[in-house]
Amino acid sequence: MDRGVQVVGIAGPDRLDGPPSLNLDYSMKGARSVISMALPMDVSAIDAFLSKRSPAPHNLDQFINYQRLFRVETELADYLISLGYKARALPTSADYRRSPYVFSLQPAFSMRYAAIASGIAGQGWSGNVITKEYGAAVYLGAVITDALLDGDLPLPADYFYETRCKQCRCCARSCPSRMFSDQENERYLLNGELYTRGKRRSVDLCKISCFGLHSLSYDRKWTNWGLHWIDDWVEKEPNPKKKTALMAAMLRKGLTTGDSMPRFDILKRLCTRLYPGEVSRFLPSLDHFPQDESERYRILAAFISSLEIHGIDNYPIPMVCGQCALVCGPEPEETRRRYKLLTSSGLVVPGEKGRMTKVETYEEASLLRRRYPLKSPFYRNLRDTFDSLYLWHRYYFGLDLRGHLQAIRYRRRMKKALSDNTNHKTSSM
Ligand code: B12
């Protein structure tokens, strides 16, 4: 808290019984407790993002805060180490477990489950966790340690589902590809209790929107800040049950943009490495971020090339979506306000010289896309394909046998908990 993190909580070993990604041993042998923390996303940057004024402040906010969290985590871990314990600051994202399917994105450690177990947040309908203070629009961090710490009190299971999400569902309607249902739910087991969230139709749909491969909403009234549309999905929604078709669409599009690898690499570096002092040297604070859009892009592009990532100077915006978290404010009225901002502010598409241009209607957007098509040269796509395959396979290809065995056991326990729950309900009727 001295470092300006207002939302902090602890879970001891008695509160870490859940899905395999809550297993501390995977990230540090002998770890017994986790300290979770959350930093708020900047609301004026969210507004600029959702209203299609500019994606730059929110990207700046993410760059700064992922590094800030990592720095606070590292200081806390160093402090615990100085007291004689083992401790580890965890990467804030992009630390996926090895898998034969490299895009399965199972994290080494799930900060969301940890945040719930530590009492700083509750499960939200979107899958994001919600804090009382800032809603779901937060960045999460965690430190694990072998110190035996007393846990904080968690919120009741389904706290936010009962008090907010049941009536809201703005998050589900803010996802361009409708990754999760706005009606059906699914449940998971954590510390012996069942938690409810929106049923995911397919997590690949989320990756497609979050990586900017399809930015258009199904009603064609708004977009996120992604550059691309999957043409087949403009007229007809994809079928989420056809998993191979979804995966093929994702790869086909992702490998023809020419910049998939550097875009992901930005997130990977900012979330898995600490750059001492460098962020503040290259980046202004949000208060000192210029108003001029091309100047903002110049600053972000210079920062990205300072990380030694090249090839995306013209549109240095890696975070183009995340709208399910961005709309979710601390109060229902605030959520409705943000949702309205998103859905009533039209569309953005690349226009002249690739500049993102805001328009009111789908027809205008289509016209611009036809007039200024984005073309990435063949040799660039080829290089990007090789670079992407290399990066994803080098860091994420393999087999996490132990994790899979834990997942099988976990699924069994969950099935039993679900059937006990149904029996209990039937017998008490
Ligand atoms: C992978 C990932 C993604 C992926 C996939 C997202 C997804 N829906 O799973 C992509 C890139 C698409 C993504 C998008 C987003 N993300 Co993200 N992402 C993560 C990451 C690395 C892990 C998320 C996670 O927990 N996934 C999956 C597993 C663990 O959960 P699960 O599916 O419920 O698990 C089930 C099964 O898979 C199984 N299981 C669990 N563990 C394991 C392990 C094995 C081996 C097996 C076989 C099975 C298994 O059991 C579970 C119950 O059935 C975290 C960082 C971190 N290390 O925690 C950030 C994180 C969750 N993301 C975050 C954010 C903000 C976002 C976005 C809003 C975009 C953005 N950055 O602005 C969107 C939101 C999308 C959404 N509605 O979920 C924040 C969350 C903030 C919050 N309030 O909750 C995090 C914590 C990053 C951070 N440090 O702040 N994300």
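In the predicted model, a polar side-chain atom of Gln62 sits 3.4 Å from an oxygen atom of the ligand. The backbone also takes part. A polar backbone atom of Met111 lies 2.8 Å from a ligand oxygen atom. For Ala136, a polar backbone atom is 3.0 Å from a nitrogen atom of the ligand. Several elements each give two or more residues to the shell around the ligand. The helices among them are α2 (56-82), α3 (111-117), α6 (203-210), α12 (323-326) and α16 (401-427). The strands are β6 (138-145) and β8 (193-200).

The shell around the ligand holds 41 residues. Of these, Ser21, Thr92, Met111, Tyr113 and Arg197 come nearest to the ligand. By residue class, the shell comprises 23 nonpolar, 11 polar and seven charged residues.

A separate analysis addressed the pockets. The second largest pocket has a volume of about 960 Å³. Its lining consists of 38 residues. Leu227, His228, Pro350, Leu374 and Lys375 lie nearest the centre of this pocket. Helices α8 (243-254), α11 (293-306) and α15 (378-396) each contribute two or more residues to the lining. Strands β9 (347-350) and β10 (356-359) do likewise. The lining of the second largest pocket divides into 14 nonpolar, nine polar and 15 charged residues. In the ligand shell, by contrast, the counts are 23 nonpolar and seven charged.

Note on methods. Residues numbered from 1 in each chain as written. Predicted model: local features only at pLDDT ≥ 70, side-chain atom pairs only at ≥ 80, totals over all residues. Heavy atoms only, no water. Near = heavy atom within 4 Å. Polar contact = N/O pair within 3.5 Å; in protein donor to acceptor, adjacent residues only side chain to side chain. Helix = DSSP H or I, 4+ residues; strand = E, 2+ residues; numbered from the N terminus. Nonpolar A, V, L, I, M, F, W, Y, C, P; charged D, E, K, R; others polar. 1 Å grid on protein atoms, 1.4 Å probe; cavity = no way out; pocket = protein on both sides within 12 Å on 5 of 7 lines; lining within 4 Å. Points joined across faces, edges and corners; volume = space filled by probe spheres on them.
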